[in-house]
Amino acid sequence: MGSLPSLATAAAAVLLSILLAAGHCGAADFNATDEFAGNGVDFNSSDAAVYWGPWTKARATWYGQPNGAGPDDNGGACGFKHTNQYPFMSMTSCGNQPLFKDGKGCGSCYKIRCTKDPSCSGRTETVIITDMNYYPVAPFHFDLSGTAFGRLAKPGLNDKLRHSGIIDIEFTRVPCEFPGLKIGFHVEEFSNPVYFAVLVEYEDGDGDVVQVDLMESKSAYGGATGVWTPMRESWGSIWRLDANHRLQAPFSIRIRNESGKTLVAKNVIPANWRPNTFYRSFVQYS
């Protein structure tokens, strides 16, 4: 049993190295001496947490391929995968700290629009926070995928708007809607009997998760546990449990969103679970 924690530590170290190697989005380090500077805007404002609140000023840039989902691997610092596919459909964005919230903003949905640039259409588009922006150019900075940035343009002016580089936008938070999907759990690579890491995704409503707990089906001695063990936020929307014993599957998972609503996915992770495998629940916030 003395070697079990070392397996968990090694797995965590590998995950961290992968994250650091993956790179992050972010524009060049602009000097934000403009209308945002000195006007009392709070970088930790709660504006980003209010649904259908007043339109709030922000700045937008874009990264990756002009018609891509942002990162070359269609992922990002939230841990989501295949962001070029449904339900993300490449309509993704990096958020700086007031939007990313140390990972607890992962999966949040925002409506955005631009009107100042001559190429802007003024239409609203919905984007999902999937990555972290480490180089903000404004108190609220959306570093959009090329696809999302281009969608803000008038017909035929997508490339012209992208050539603007950095634009003024407005945003408001909205509930997420993922029709046809239940909340999913992706067991991360390198998970093992004493280290369990899971990506939580496709939550309607808030779209984010602020706490995850795991219940084993039985104790190491054979009896039912009935005990919820808090998991730790590893990075992005990935939560981990480092155990001092061999975990007893199947696992039930309990999640709580930013609004305080709790859901339980009973026995969602089967007894024969495998790393790098997706398991869909039968629960959803809507």
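Buried here means under 20% relative accessible area. Keep that cut-off in mind for the tour, and remember that this is a predicted model.

**Stop 1: the barrel**

Start by selecting strands S1 to S6. These six strands close into a barrel, and going round it you meet them in the order S1-S5-S2-S4-S3-S6, with mixed pairing. From one strand to the next the twist averages 45°.

Now colour S6, residues 167-174. Six of its eight residues are buried, so the rest of the structure largely encloses this strand. Which way do S1 and S6 run relative to each other, parallel or antiparallel? They are antiparallel, joined by five bridges. S3, residues 109-113, also pairs with S6 in the antiparallel sense, again over five bridges.

Next, put S1 (residues 56-63) beside S5 (residues 141-145): here the strands run parallel, and five bridges join them.

Ala60 is a handy residue to click on. Its bridge partner in S5 is Phe142, while in S6 it stands opposite Ile167.

**Stop 2: Arg113**

Stay with the pairing of S3 and S6 and pick Arg113, which stands opposite Glu170 in S6. Show the side chain and bring up Trp55 as well. The charged end of Arg113 sits over the Trp55 ring, 3.9 Å from the ring centre.

**Stop 3: the rings**

Switch on the aromatic side chains. The count comes to 11 aromatic pairs. One of them is Phe178 with Tyr202, an edge-to-face pair with 6.3 Å between centres and 70° between the planes. This pair links distant parts of the chain, 24 residues apart: Phe178 is in the loop between S6 and strand S7 (184-187), and Tyr202 is in the loop between strand S8 (195-201) and strand S9 (211-216).

Are these two rings' residues buried or exposed? Phe178 counts as buried at 5% relative accessibility, and Tyr202 counts as buried at 13%. To see the wider group, select Phe80, Phe88, Phe178, Tyr202 and Phe278, which ring pairs link into a cluster.

**Stop 4: Gln284**

Keep Tyr202 on screen and add Gln284, found in the segment after strand S15 (277-280). Gln284 has a relative accessible area of 10%, so it falls among the buried residues.

What does its side chain reach at 2.9 Å? The answer is the backbone nitrogen of Asp204. A polar atom of the Gln284 side chain also lies 2.8 Å from the backbone oxygen of Tyr202. Expand the selection to the contacts of Gln284, leaving aside its neighbours within four places in sequence, and you pick up Leu181, Lys182, Ile183, Tyr202, Glu203, Asp204 and Leu263.

**Stop 5: Gly207**

Move along to Gly207, in the loop between S8 and S9. This glycine counts as buried, with 2% relative accessibility. Select its contacts, again leaving out neighbours within four places in sequence, and you get Cys106, Gly107, Ser108 and Cys176.

Then draw a distance from the C-alpha of Gly207 to that of Asn257. The two atoms are separated by 7.7 Å, though the residues are 50 apart along the chain.

**Stop 6: backbone oddities**

Most residues other than glycine have a negative phi, and most peptide bonds are trans. The last selections are exceptions to look at one by one.

Begin with Tyr86 and Pro87. A cis peptide bond joins them, with omega about 10°, and Pro87 lies in the loop between S1 and strand S2 (92-95). Met89 lies in the loop between S1 and S2 too. What is its phi? The value is near 55°, positive in a residue other than glycine. At 47% relative accessibility, Met89 counts as partly exposed.

For another cis bond, go to the peptide from Ala249 to Pro250, where omega is near 5°. Pro250 lies in the loop between strand S12 (238-242) and strand S13 (251-256).

Finish at Asn267, which is found in strand S14, residues 262-269. Its phi is positive, about 50°, although Asn267 is not a glycine. Asn267 counts as partly exposed, at 39% relative accessibility.

Technical notes: Residues numbered from 1 in each chain as written. Predicted model: local features only at pLDDT ≥ 70, side-chain atom pairs only at ≥ 80, totals over all residues. Heavy atoms only, no water. Helix = DSSP H or I, 4+ residues; strand = E, 2+ residues; numbered from the N terminus. Buried < 20%, exposed > 50% of the residue type's maximum accessible area, 1.4 Å probe, protein only. Polar contact = N/O pair within 3.5 Å; in protein donor to acceptor, adjacent residues only side chain to side chain. Contact = heavy atoms within 4.5 Å. Pairing = 2+ DSSP bridges. Axes fitted to C-alpha atoms, helices over the stretch in contact; angles between N-to-C directions. Phe/Tyr/Trp six-rings, centres within 6.5 Å; stacked < 30°, edge-to-face > 60°. Lys NZ or Arg CZ within 6 Å of the ring centre and 35° of its normal.
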